[in-house]
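These are my notes from going through a two-part model, entry by entry. I wrote down what I looked up and how each term was set.

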Amino acid sequence: MHEFDWSSIPNALPFLWDGMLISLEITGSAVLFGILWGTLLALMRLSSITPLSWFAAGYVNLFRAVPLVMVLLWFFLIVPHLLESLFGLSRNKDLRLFSAIVGFALFEAAYYSEIIRAGIQSVSKGQMAAASALGMTYAQSMRLVVLPQAFRNMVPLLLTQGIILFQDTSLVYVSALADFFGAAYKVGDRDGRLVELLLFAGAVYFVICFTASRIVRYYQNKLKTA
Amino acid sequence: MSYNWNWGVFLQPTSAGDDTYLGWMLSGFKVTIALSLSAWVIALAIGAVIGILRTVPSKRLSGFATAYVEVFRNIPLLVQLFLWYFVIPELLPEKWGNAFKQSNPLLQQFLASMLCLALFTSARVAEQVRSGINSLPPGQKNAGLAMGFTLPQTYRYVLLPMAVRLIVPPLTSEFLNIFKNSAVCSTIGLLELAAQGRQLVDYTAQPYESFIAVTLAYLLINVVVMFGMRWVEGHVRVPGYIGGK
């Protein structure tokens, strides 16, 4: 049986905390940009301009068909390459965090746009008609009438997707970026204490995600009864 | 941008000389398919049991099933994979752990990946099974019990035959997910499709061709599964329900 030795964890806590900040930074930025770009995609998809709705449908279906690992590998490979040839940035510059955020944001936008599209469609048609009857343009009725109601109903789903995204950030491991999981793996590997560090990492993720999903559920129930 | 496109690279023999690069990709493709399908079968079996347990009246059984689902849903897939591959063999009784560690490394990677994907997906399947059973009107269960069926009989003859047909569409997306999630297994060195793609980049110095080919292979899997499942959905649709005939 394995003899546990947890002694390398206390000393590594500052390093692990730095890793956690990177994980949270990626999650936060990707949620923000993912929702913004996802909203645009959803509006394009629902728009009556055919090329726009085709583009959005193609984008969403493409990103939803490809594994996240592949998307991340694409971005670690291509973003540095592109920046180098477009802006003459040196290849030695560490762009991994930037590539990770861009990759996650573009990938998650496809999933967010599907949530947002369903949210917009769940707002009753009379709202749009009423807004038009008041003399609002399409853009005004979307922005002032439909979207605010749609987002209010979507908050739980968007947050749940955020929790999934937080779990998925561990995949930046493929670029050797020291996010929380990468940091835990490095410490475990260095001290020969992989078993303890991996169990610790699993426990931390569990506590965070479990608590967060409970809060979302509480909020969801409140929304339902309101 | 100066980049030399060279699609012919796939037909060149590898530097090891035993195969072409296309052959490497095909072998990765086969591993992805074998891994995903075997994990899917296990996930369906376990997921069905756990999903049913979540709906039974016994507090202890449904509590166990809830805990199972929460554990597998709240730990990232990558962390679960590393736990299966690096941690579980250390925690097993020494004899089993050693037997695992002394087996063929390819077998170790495949077994760890399969178990990981299967249990990870089973928690999601369980949620679909539960919501399928819960979406049936409560009168169905009551009617079954009133007819004198025992609870297991009510499940077997009344609830499950309906629930199974209702959950086929949501299961389609889980089925698609298991193929995509299998790419995570490249991190422990399993030479499936994504790992072969990275290896191709290293060996051929043609990153774009390699990644485009691998991405297309995933798209192909996606399209085939989607059409297959659409055919199944068409056959099991329940008349009178949303999307029914």
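**Contacts along the chains.** I began with chain B, where, among contacts between residues at least 6 apart in sequence, 72% join residues at least 24 apart; I count two residues as in contact if their C-beta atoms, placed from the backbone, lie within 7 Å. For chain A I noted that residues 24 or more positions apart account for 73% of the contacts with a separation of 6 or more.

**Ground rules.** The model is predicted, and I kept to its rule that local features need pLDDT of at least 70 and side-chain atom pairs count only at pLDDT 80 or more, while totals for chains, interfaces and linings use all residues. Residues are numbered from 1 along each chain as its sequence is written, and chains are lettered from A and ligands numbered from 1 in the order in which they are written.

**Confidence.** I looked up pLDDT, the predictor's confidence in each residue from 0 to 100, and found that chain A averages 90, with 97% of the residues scoring at least 70. Chain B also averages a pLDDT of 90, with 97% of its residues at 70 or above. In chain A the confidence is lowest in α3(A), at a mean of 81, and highest in α2(A), at 95. Among the elements of chain B, helix α4 (residues 94-102) has the lowest mean, 85, and helix α2 (residues 59-73) the highest, 96. For the complex I copied down the predictor's ipTM of 0.89 and pTM of 0.90.

**Overall build.** I took helices (H or I, at least four residues) and strands (E, at least two) as DSSP runs numbered from the N terminus, and on that basis chain A comes to eight helices and zero strands, whereas chain B comes to ten helices and zero strands. The C-alpha atoms of chain A fill a box of roughly 70 × 50 × 25 Å along the principal axes, and those of chain B fill one of roughly 75 × 50 × 30 Å. I then checked burial, calling a residue buried if 20 or more other C-beta atoms lie within 10 Å of its own, exposed if 12 or fewer, and partly exposed in between, with C-beta atoms placed from the backbone. Buried residues make up 38% of the 226 residues in chain A, and 36% of the 245 residues of chain B.

**Where the chains meet.** I found 29 residues of chain A in contact with 29 residues of chain B. On the side of chain A that touches chain B, the elements giving two or more residues are α3 (68-87), α6 (138-168) and α8 (194-225) of chain A, and α8(A) gives the most, with eleven residues. I sorted the residues of that side into 22 nonpolar, six polar and one charged, where Ala, Val, Leu, Ile, Met, Phe, Trp, Tyr, Cys and Pro count as nonpolar, Asp, Glu, Lys and Arg as charged, and the others, Gly among them, as polar.

**The nonpolar core.** I defined a core as a set of buried Ala, Val, Leu, Ile, Met, Phe, Trp, Tyr and Cys residues joined through C-beta atoms within 7 Å. The largest has 114 residues, and those touching the most other members are A:V69, A:M70, A:L72, A:L171, A:A184, B:L78 and B:L81. The largest share of this core, twelve residues, comes from helix α5 (residues 105-134) of chain B. I followed A:V69 further and, leaving aside its neighbours within four places in sequence, found contacts with A:L171, A:V174, B:A183, B:V184, B:S186 and B:A194.

**One helix pair.** I next looked at how α2(A) meets α4(A), and listed A:Y59, A:V60, A:F63 and A:R64 on the α2(A) side against A:F107, A:A110, A:Y111, A:S113 and A:E114 on the α4(A) side. By class, this contact has six nonpolar, one polar and two charged residues.

**Two single residues.** A:A176 lies in the loop between α6 and α7 (180-191) of chain A, and I noted its positive phi, near 60 degrees, in a residue other than glycine. A:A176 counts as exposed because it has 11 C-beta neighbours inside 10 Å. B:V224 sits in helix α10 (residues 207-236) of chain B, and B:V224 is likewise exposed, with 11 C-beta neighbours inside 10 Å. I last checked B:V224 against B:Y21, 203 residues apart along the chain, and their C-alpha atoms are separated by 24 Å.
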